[in-house]
Amino acid sequence: MGTANYDCGSNSRFSTSASSSISLTTTTTTTTGEKRKITRTIVSRSSSSRPPIIFVTAILAIVTMTMPILSATLMIKRGVLVSAAREGRHITRSISSIRTARQFGTTSISAFVAGKVSSFPDTQSNEILSSLSSVLHQHRRTRPFSSKSIIEASNENVDIDSNDDDGFFAGSDVTFESMGVQSPVLLKRLNNLGLTQPTQIQAKTFAKILGTDNDSLEAEGSSRLWANDVTIGAETGSGKTLAYLLPLLDSILQEKAESATNGLPSYDYARAIVLVPNKELVQQVLRMAVPLCGGSIEETVVWAQGGNALMEQLSPLAASQKAGETDPSTIVRMAVMPGALKEPMDFKPFRDSIGFGGDDPPVDILVSTPAALGPLGLPPKFIDLFADVKTLVVDEADMLLDGGYIRSLENVLIGFRRADRLVDPNADPDDDQTIQKTQHVFCAATLPDVGLKSVNAYLEKRFPYAKRIETGNMHNAKHYGLSQATKWYQVETKKERMERLAEMLLTVPDDGNSNDGLKGEKTMVFLNSVGDVEAVHQALVDRGVNAVPYHAKVSLNERSENLDRFRRYTEGGDDAVKNDAVPVLICTDLASRGLDVPGVTAVVQLQFSGNVVSHLHRMGRCGRAGQRTGRGIIFYDEKEAELIEVVQEAETQQEKMQLEGQEVDDRLDDDDGKAKKGKVQKAFSRKRGFTKKRKKLRREETESY
């Protein structure tokens, strides 16, 4: 018996006759090896009654548009019906989800097939094409926002001085209330913490994330279903964590105030998920959020990794030290999702949620890592979780979108993209049961932008409609918080560097810091490997320096304890011994990202960073929260001298740009100035390693001769 090959590229072809019949010619090979051509007529009509182009278009449209039906049906069977076990309001949401998935193609397709294809007169060919275009338009996802967003103030009522774009705080007349915070409870908590003025990036992003900016308010109809995707870029230490936490907290507290009289909140799993690269940054997010969440630590953090030690560290930050003293409707509940979950209901806060028959309110903000959440994104049966979450925050986005994190993050994004297919473009955006597209918020201090596959290019490709918000000092070679020029020392051997460092840490600084003394200062010392950290730590302890190590090989509990001891140290304080505080942290790049340790005044790179991104993050550990009290000391060897010269030149040029404004480089009219500018800009990219930059510069200089 023959086997037909339907490879239209080589053995098959479509053909049309003079009478506009549509035929498919295939090549069949018999058992004897003989090839035979078979022509099958699919449609045969005279040219006067059936224009062939109409039917080809109709067939392709039907095939294309039935794909979403199959996909949606699979999702309905495996995921959305989980909601049917909930209480009355949740059953309604389940039915709405099913109806949404079914309407995403079937109604208009059936009308098109039954009412149009069967009887098309040739005099209505234009009308047929118009109907086809109309059907396709119904199923096209429309978004109201331009792919090129202009960086502007978050709200027309907020006056941000554009001339101070390189500064830290927003305009002097900008307050959290004028910025848009509506919850009286949140405003009071901010005031109790001494926070009266938002930073520049916080003022710019608040209304964008909540969708209360002018562009979002002017959107009409189905456009409002598409939440505001936002990309936040600002220098390290500029308040980015609160930039995305404040809108979430305000929205949650406002909804809780309304649901106190109107019923349950609109979510069962969580209002938002915050993804960070590692457990250290999970704890950092908790430290920033807990003081603003209200209640005792047990009421605020309902589930966390790190055991009692972590809860003891967080407890003093809680708004209340005793459970039951705070109105539950004013408490924001947070939880940390652990790894190794086989399904969402393995997580106790989900099982105990009132939306699934439990007695507790749902989690408001879930903090996790891509490695923990990623496995739940792949199975379609867990679509209910991802459809329930309104906002996904990806903090340290450049780190998560590069290296070993990208696969796990992609799994998470797959789960949210699958849930977004349930969005009904014709649904009422004011209905609480309407499924809306997940809002994605990407946050980073560095967004590498060199090459077609850079992090920046990825975000522009995958999220072309995201509103991009950046501060003017992002990617500056010199960090805002450095009060002095960085000091550079060329020292060749590790032993010499060790002796110089020990001398600095045991010397009291003079008035002008001319002797490089670091004794009594809160200092972070960076090295490039775990082995070097351990060796330097032991050598310093042997010389009488009070220091602790911080790297990935130290257990999580010990790392948390060491970081807490370093955080407790206050320069000039007399109770350092009593509090078991230490002034020196010896660390790898594990401590270079996201950790907000107040009061760090010196950063020492005993080994120069391996890439520009790491260099920027290391130097950003001091002089944070608008304080310009930091200084940097960097050691390097002869092999790195050429590159160090380039980075030093970059720091100098960045200082000029801040002082003279954004147009200062345009004034470098001489050829030498232009050549230097180009050389620095090429070398100081955020993507490539320093070694590649050095090789590239040498190659370009050789070619120029």
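**Close-up 1. Helix H10 meets helix H21 in this predicted model.** On the H10 side you'll find Lys279, Glu280, Gln283, Gln284 and Arg287, and on the H21 side Leu556, Arg559, Ser560, Asp564 and Arg567. Sorted by class, the residues of this contact come out as one nonpolar, three polar and six charged. As for geometry, the axes of H10 and H21 (residues 556–568) come within 11 Å and cross at roughly 45°. That angle is neither under 35 degrees nor in the 65 to 115 range, so the two helices count as oblique to each other. The handedness of the crossing, with H10 passing H21, is right-handed.

**Close-up 2. Helix H10 also has a contact with helix H6.** Here the axes of H6 (residues 184–192) and H10 (residues 279–293) cross at roughly 115° and come within 8 Å. Leu186, Arg189 and Leu190 are the H6 residues involved, and H10 brings in Pro291, Leu292 and Cys293. The class count for H6 with H10 is five nonpolar, no polar and one charged; for H10 with H21 it is one nonpolar, three polar and six charged. Cys293, one of the H10 residues in the contact with H6, has a relative accessibility of 0% and so counts as buried.

**Close-up 3. Thr300 sits in helix H11 (residues 297–300).** Is Thr300 buried or exposed? With a relative accessible area of 0%, Thr300 is buried. Leaving aside residues up to four places away in sequence, Thr300 touches Val290, Cys293, Gly294, Gly295, Ile331, Val332, Arg333 and Met334. Cys293 in that list is buried too, at 0% relative accessibility. For a backbone distance to check in your viewer, try Thr300 and Ala289: they are eleven residues apart along the chain, and their C-alpha atoms are separated by 9.4 Å.

**Close-up 4. Cys293 and Cys622 are two buried cysteines.** Cys622 has 0% relative accessibility and counts as buried, and the value for Cys293 is also 0%. How many disulfides does a search of the whole structure find? The search comes back with zero.

**Close-up 5. Helix H14 packs on helix H17.** The axes of H14 (residues 370–377) and H17 (residues 406–420) are 7 Å apart, at an angle of about 45°. H14 and H17 are therefore oblique to each other, and H14 passes H17 in a left-handed crossing. From H14, the contact takes in Pro370, Ala371, Leu373, Gly374 and Gly377; from H17, Ser408, Leu409, Asn411, Val412, Ile414, Gly415 and Arg418. By class that gives six nonpolar, five polar and one charged residues. In general, two packed helices are described by the angle between their axes and the distance between the axes.

**Close-up 6. Pro425 is in the loop that runs between H17 and strand E11 (439–444).** Its relative accessible area is 13%, so Pro425 is buried. Measure C-alpha to C-alpha in your viewer and Pro425 should be 9.2 Å from Gln436, with the two residues eleven apart in sequence.

**Close-up 7. Ala340 and Glu396 are two residues other than glycine with a positive phi.** Most residues other than glycine have a negative phi. For Ala340, phi is near 70°, and the residue lies in the loop between strand E8 (334–336) and helix H13 (348–351). For Glu396, phi is near 50°, and its loop is the one between strand E10 (391–395) and helix H16 (397–400). Which is buried and which is exposed? Ala340 counts as exposed because its relative accessibility is 80%, whereas Glu396, at 8%, counts as buried.

**Close-up 8. Helix H7 (residues 200–210) is mostly covered.** Of its eleven residues, ten are buried. Those residues are Gln200, Ile201, Gln202, Ala203, Lys204, Thr205, Phe206, Ala207, Lys208 and Ile209. After H7 comes Gly211, with a positive phi near 75°.

How values were computed. Residues are numbered from 1 along each chain as its sequence is written. This is a predicted model: local features need pLDDT of at least 70, side-chain atom pairs count only at pLDDT 80 or more; totals for chains, interfaces and linings use all residues. Side-chain values use heavy atoms; hydrogens and water are left out. Axes are lines fitted to C-alpha atoms, for helices over the stretch in contact, and angles run from 0 to 180 degrees between N-to-C directions. Helices (H or I, at least four residues) and strands (E, at least two) are DSSP runs, numbered from the N terminus. Angles under 35 degrees count as roughly parallel, over 145 as roughly antiparallel, 65 to 115 as roughly perpendicular and the rest as oblique. A crossing is left-handed if the near helix is turned anticlockwise from the far one by less than a right angle, and right-handed if clockwise. Contact means heavy atoms within 4.5 Å. Ala, Val, Leu, Ile, Met, Phe, Trp, Tyr, Cys and Pro count as nonpolar, Asp, Glu, Lys and Arg as charged, and the others, Gly among them, as polar. A disulfide is a pair of cysteine sulfur atoms within 2.5 Å. Buried means under 20% relative accessible area, exposed over 50%, partly exposed in between (1.4 Å probe, protein chains only).
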